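Student: I would like to learn how to read a protein model, going from the whole fold down to single residues. Could we take one feature after another, with the general idea before the particular case?

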Amino acid sequence: MQGNNLRRLFLLSCVLGVVGLVIFYLATTSKDFNQPKKTFAELGGDFTLQSSEGPVSLYDFKGQVVVMYFGYLSCAEVCPNSLAVLTGAMMRLEKSHPNAIQGLFVTVDPTRDTPAELKEYTAYFHDDILGLTGTVEQVKSVSGQYGVFYDNNNLSDSFMEYSVSHASRFYILDKSSKLITAMSHTTTPNELAAQIRELL
C-alpha cells in the first residue's frame, strides 16, 4: 500500500513538473500560438527600432543590401561568431562596393541590452553593423515579422544568470528592403559574401 502511495506521489510530481515547464515556456517564449505559421513569402517588412543615435527604420537603408541578425550581447559563442562571419563577408565586398551593405544586429534581450552597449559591441566587428533595440513588444513584433522566435530562460542555479534561446540566421534583404533569403549561422564568410554580391 505504501509503495502505491509513493508511486502516485511520484506520478503527481511528474505531472506538476511538466505543467510548470509548459507554463514557464508560454510565459517566456515570443511565439504567439494563436497565430498561424507564416510562409517565407509573408516574412519581412519595414520596422522602426532604437539605435544609439535615435530611431532607425529599415527603409532608411533602401539602396543598400541589408543583412540582419537577431541575437543578444551576453550570447557566449553563436552571436559573436555570426557577427564575425558577417564582418568577413562585408570586408570581402567593401572595396568593390563601398557603402553598399548595411548590417543590423537586433537584440532579442531588450530589457538588458541598451543602445549604448549595442553600439560598443558592434563596433568591435564592423563600423557598418548597427545595433538595434526597442521595447519588449517592439522587438517581439519585429521578430514575428521575420519568423524569429526566442525564449528568455532564467538560470538561477547555473553559473550563467540567464540565456536566450533564439533562431540564428542571417536575413538578407535586397536594395528595395525585400527579404530575399535566410542563411544559417554556419554559413561561411565566402558563402555569405557570394549571396550578398548577387544583390549588389
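Tutor: Let us begin with the vocabulary: helices, of at least four residues, and strands, of at least two, are DSSP runs that are numbered from the N terminus. Please keep in mind throughout that this is a predicted model.

Student: How many helices and strands does the protein have, and in what order do the elements run?

Tutor: The protein contains five helices and nine strands, and, read from the N terminus on, its elements follow the pattern α-β-β-β-α-β-α-β-α-β-β-β-β-α.

Student: What share of the residues counts as buried, and what does the surface consist of?

Tutor: A residue is called buried when its relative accessible area is under 20%. By that criterion 42% of the 200 residues of the protein are buried, while the protein exposes about 11,200 Å², of which carbon and sulfur atoms supply 56%. As for contacts along the chain, among those with a separation of 6 or more, 70% are between residues 24 or more positions apart.

Student: Which residues of the largest nonpolar core touch the most other members?

Tutor: That core has 47 residues, and the ones touching the most other members are Phe47, Met68, Phe70, Tyr146 and Leu192. Its largest share, seven residues, is contributed by helix 2, which spans residues 78–93. To see one of these residues in its surroundings, take phenylalanine 47: leaving out residues up to four places away in sequence, its contacts include Met68, Leu104, Leu132, Val142 and Tyr146.

Student: Turning to the strands, in what order do they form the open sheet?

Tutor: The order is 5-4-3-8-9, five strands with mixed pairing. Strand 5 (129–132) and strand 9 (179–184) are the edge strands, each pairing on one side only, and neighbouring strands of this sheet are turned by 25 degrees against each other on average, with direction ignored.

Student: Which strands run parallel to one another, and which run antiparallel?

Tutor: Two pairs illustrate the mixture. Strand 3 and strand 4 run parallel and are joined by seven bridges, whereas strand 8 (residues 169–173) and strand 9 run antiparallel and are joined by five bridges. Within the antiparallel pair, tyrosine 171 has alanine 182 as its bridge partner, and isoleucine 172 stands opposite threonine 181. The hairpin of these two strands has five residues between them, and serine 177 there takes a positive phi near 70 degrees.

Student: How should I read the two faces of a strand, and which residues of strand 3 lie on each side?

Tutor: The general idea is that side chains in a regular strand alternate between the two faces of the sheet. In strand 3, Val65, Val67, Tyr69 and Gly71 lie on one side and Val66, Met68 and Phe70 on the other, and all of them are buried. Helix 2 lies across strand 3, strand 4, strand 5 and strand 8, and it runs at about 170 degrees to strand 3.

Student: Why does phenylalanine 70 count as buried?

Tutor: Phenylalanine 70 counts as buried because its relative accessibility is 1%, and the cut-off is under 20%. The same reasoning serves for phenylalanine 170, which is found in strand 8 and counts as buried because its relative accessibility is 0%. The C-alpha atom of phenylalanine 170 is separated by 6.3 Å from that of valine 67, although the two are 103 residues apart along the chain.

Student: Where does threonine 107 lie, and what does its side chain contact?

Tutor: Threonine 107 lies in strand 4 (residues 101–107), and it is buried, with a relative accessible area of 0%. In the pairing with strand 3, threonine 107 is the bridge partner of glycine 71. Its side chain is joined to that of aspartate 113 by a polar contact of 2.5 Å, and a polar atom of the threonine 107 side chain lies 2.9 Å from the backbone nitrogen of aspartate 109. Beyond its neighbours within four places in sequence, threonine 107 is in contact with several residues, among them Tyr72, Leu118, Leu132, Thr133 and Val139.

Terms used:
Residues are numbered from 1 along each chain as its sequence is written. This is a predicted model: local features need pLDDT of at least 70, side-chain atom pairs count only at pLDDT 80 or more; totals for chains, interfaces and linings use all residues. Side-chain values use heavy atoms; hydrogens and water are left out. Buried means under 20% relative accessible area, exposed over 50%, partly exposed in between (1.4 Å probe, protein chains only). A polar contact is a pair of N or O atoms within 3.5 Å; within protein, one must be able to donate a hydrogen and the other to accept it, and residues adjacent in sequence count only if both atoms are side-chain atoms. Contact means heavy atoms within 4.5 Å. Accessible areas come from the Shrake-Rupley method with a 1.4 Å probe; for residues, only the protein chains shown count as cover. A nonpolar core is a set of buried Ala, Val, Leu, Ile, Met, Phe, Trp, Tyr and Cys residues joined through side-chain atoms within 4.5 Å. Two strands pair if DSSP finds at least two bridges between them. Axes are lines fitted to C-alpha atoms, for helices over the stretch in contact, and angles run from 0 to 180 degrees between N-to-C directions.
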